[in-house]
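Opening the notebook on a new model today. I'll go through the ligand site, the sheets and then a couple of backbone oddities.

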Amino acid sequence: MGAHSVQFYEDDAFLIRGLSDYVGAALAGGDSAIAVATGDHLARLEKSLAHRGLLDDHGNALRGAYTGLDADLQLPLFMEDGRPDEVRFRNSIGNAILDATEAKMGHLYVCGEMASLLFASPRCPLSPPISHAAALHVERYFNILLMKFPFTLLCAYPLSAFPSSDDTTTFHKVCTLHTDVIPAESYDPSTQRETLQRTIACLQQQAYALSREVFDRKLVEQALREVNVDRLTGLPNRNVFQDRLDLDIRKSARSGLPLALLFIDLDHFKEINDTRGHEAGDQLLKQVAGRLRGHVRDTDTVARLGGDEFTITLSDLHDVILVTDIAQKICDDLSRPFMVGEELAYISASIGITIYPRDAATAGDLLRNADQAMYRSKERGPATSTPCSPPMRPMRASMNIRPRCWPPAAPNCAPAWRRAWPNRTCTRACCSAW
Ligand SMILES: Nc1nc2c(ncn2[C@@H]2O[C@H](COP(=O)(O)OP(=O)(O)OP(=O)(O)O)[C@@H](O)[C@H]2O)c(=O)[nH]1
């Protein structure tokens with residue numbers, strides 16, 4: 001049987017160089033060459049051969065004989081019902097090889113990447129493992145031709161055809177069907193150390209598969225982060241909030257220390273979007289997230305549920321009374337102006353508070369309580385916080401916390417507030433901090 005080598009490659013430019021060396025050496029020696037490659041590779045190969053002075057402008061050999069076959073067109077010729085068919089293969093590629101050997105223009109050198117085409121989606125209509133099995137069939141058909149006709153064959157495979165470590169078995173099978181294995185990116189036609197080359201090629205494939213897996217894992221980790229983190233603010237999102245609340249409830253049940261859930265909804269945030277644009281609204285939401293983080297310990301959870309809704313879970317509370325102080329401070333803090341772009345922006349927040357286990361036993365009920373309490377705050381007016389109270393939780397008095405500094409001090413600096421609450425007056429002393 002004639003020599004049937006396999007050349008692996010990572011980089012297209014390396015493939016073209018290798019094919020050009022192979023076909024070029026044949027033509028320069030007055031021999032025949034058939035190149036079966038994808039349209040793009042074929043064009044680049046022929047350009048390289050023309051550059052070497054071996055082909056004319058029309059792709060005709062100036063020495064020896066050259067035939068270029070577009071692998072994309074050859075593929076359907078020998079496929080039947082989505083599988084390579086031996087008879088069709090003999091009638092297409094086989095006949096081209098037969099014609100070239102009968103022409104008796106020296107020895108025939110064939111290089112082909114139709115087998116690797118079968119591996120490499122999306123060009124090939126087959127997906128693994130069918131494409132892998134199909135390519136192995138094509139290699140066997142080649143070996144049958146090699147037993148009948150005197151020619152030398154070089155097949156080319158991208159390492160990307162074996163992207164996972166599960167492909168190692170197929171990779172070995174491909175190597176076994178060839179007489180020589182040429183490792184990727186180290187093509188040296190003079191090298192004879194076949195065993196060493198095989199080992200290098202296998203190691204390359206394994207290294208390639210490993211790097212693909214590391215890359216894929218990074219993508220998965222990134223996707224997981226994105227699933228858990230609110231992209232705009234970097235805060236945990238609703239999913240993480242719910243998981244952590246469940247966890248905090250279980251910890252609280254064990255430790256006996258209560259936890260508080262604060263539901264925070266910004267007041268008239270929509271006006272910022274409407275008057276200053278969505279980007280300004282985004283900037284403001286990021287700053288709100290930063291301010292909220294400043295009011296809690298590392299062990300507490302500040303989350304963004306979506307839109308202008310945030311939650312804070314305060315765990316391991318030794319003194320529940322402190323929660324209203326924290327809510328007060330948050331109301332005060334969010335009523336301070338925000339620097340958005342070049343201008344100040346004014347908002348405030350309505351907060352609903354609920355305590356575990358005093359007000360509810362489950363995460364769902366706690367969230368519902370806090371949400372309802374937040375709406376009570378909205379009804380009372382902006383910058384208000386309300387603990388869970390009847391009918392949310394029987395026998396609990398509601399509480400109304402306003403920022404010490406309300407409404408904003410400078411008469412011209414908060415037109416939105418003044419339109420919304422024209423009857424509110426400013427307590428200048430406490431606004432001086434602004
Ligand atoms: N800039 C920005 N706006 C958002 C984002 N998500 C939601 N919004 C907007 O936030 C607004 C929230 O709606 P509301 O809560 O009704 O607005 P509001 O003016 O604060 O209303 P009240 O809570 O009743 O005071 C809507 O206009 C949303 O389009 C976001 O990621 N970025």
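**Entry 1: who lines the ligand**

I started with the helix that gives the most to the shell around the ligand: α11, with 4 residues. Worth jotting down before I go on: this is a predicted model. In total I find 16 residues surrounding the ligand. His268, Asp282, Arg304, Asp308 and Lys378 are the closest.

Which elements supply at least two residues of the shell each? My list reads β9 (259-267), α10 (269-276) and α11 (278-293).

I also sorted the shell by residue type. Charged residues number 7, polar ones 5 and nonpolar ones 4.

**Entry 2: polar contacts of the ligand**

Next I looked up what the ligand's N and O atoms are facing. A ligand nitrogen sits 2.6 Å from a side-chain N or O atom of aspartate 282. For histidine 278 the partner is in the backbone: a polar atom there is 3.0 Å from a nitrogen of the ligand. On the oxygen side, I noted a ligand oxygen 2.7 Å from an N or O atom in the side chain of aspartate 308. How much of the ligand does the protein bury? Taken alone, the ligand exposes 650 Å², and the protein buries 65% of that.

**Entry 3: the sheet with β9**

β9 turned up in the ligand shell, and I wanted to know what it pairs with. It belongs to an open sheet of 5 strands with mixed pairing, in the order β10-β11-β9-β14-β15. Why do β10 (301-306) and β15 (385-387) each have one side without a neighbour in the sheet? They stand at the edges and each has a single partner strand, so one side of each is left free of a neighbour in the sheet. Direction ignored, neighbouring strands here are turned by 20° against each other on average.

I then followed β9 over to β11 (residues 309-314). The two run antiparallel and are joined by 6 bridges. One pairing I wrote down: aspartate 265 has glutamate 309 in β11 as its bridge partner.

Back to α11, to see what it lies on. The helix lies across β9, β10 and β11, and runs at about 10° to β11. I'm marking α11 twice on my sketch, for its 4 residues in the ligand shell and for lying across these strands.

**Entry 4: the other sheet**

I moved on to an open sheet of 6 strands with parallel pairing, in the order β3-β2-β6-β7-β1-β8. Which strands are at the edges? They are β3 (65-70) and β8 (180-182), each pairing on one side only. The average turn between neighbouring strands of this sheet is 15°, direction ignored.

Inside the sheet I checked β6 (residues 108-112) against β7 (residues 151-158), and found a parallel pair with 5 bridges. Tyrosine 109 has threonine 152 in β7 as its bridge partner. Helix α3 (residues 71-78) packs on this sheet, where it touches β2 (32-37) and β3. Its direction makes about 70° with that of β3.

**Entry 5: backbone oddities**

Two spots to flag. The peptide bond from tyrosine 356 to proline 357 is cis, with omega near 5°. Proline 357 is in the loop between β14 (348-356) and α13 (363-380).

The other spot is lysine 104, whose phi is near 55°, a positive value in a residue other than glycine. I located lysine 104 in the loop that runs between α4 (86-103) and β6.

Notes: Residues numbered from 1 in each chain as written. Predicted model: local features only at pLDDT ≥ 70, side-chain atom pairs only at ≥ 80, totals over all residues. Heavy atoms only, no water. Near = heavy atom within 4 Å. Polar contact = N/O pair within 3.5 Å; in protein donor to acceptor, adjacent residues only side chain to side chain. Areas by Shrake-Rupley, 256 points an atom, 1.4 Å probe, with all protein chains shown as cover. Nonpolar A, V, L, I, M, F, W, Y, C, P; charged D, E, K, R; others polar. Pairing = 2+ DSSP bridges. Axes fitted to C-alpha atoms, helices over the stretch in contact; angles between N-to-C directions. Contact = heavy atoms within 4.5 Å.
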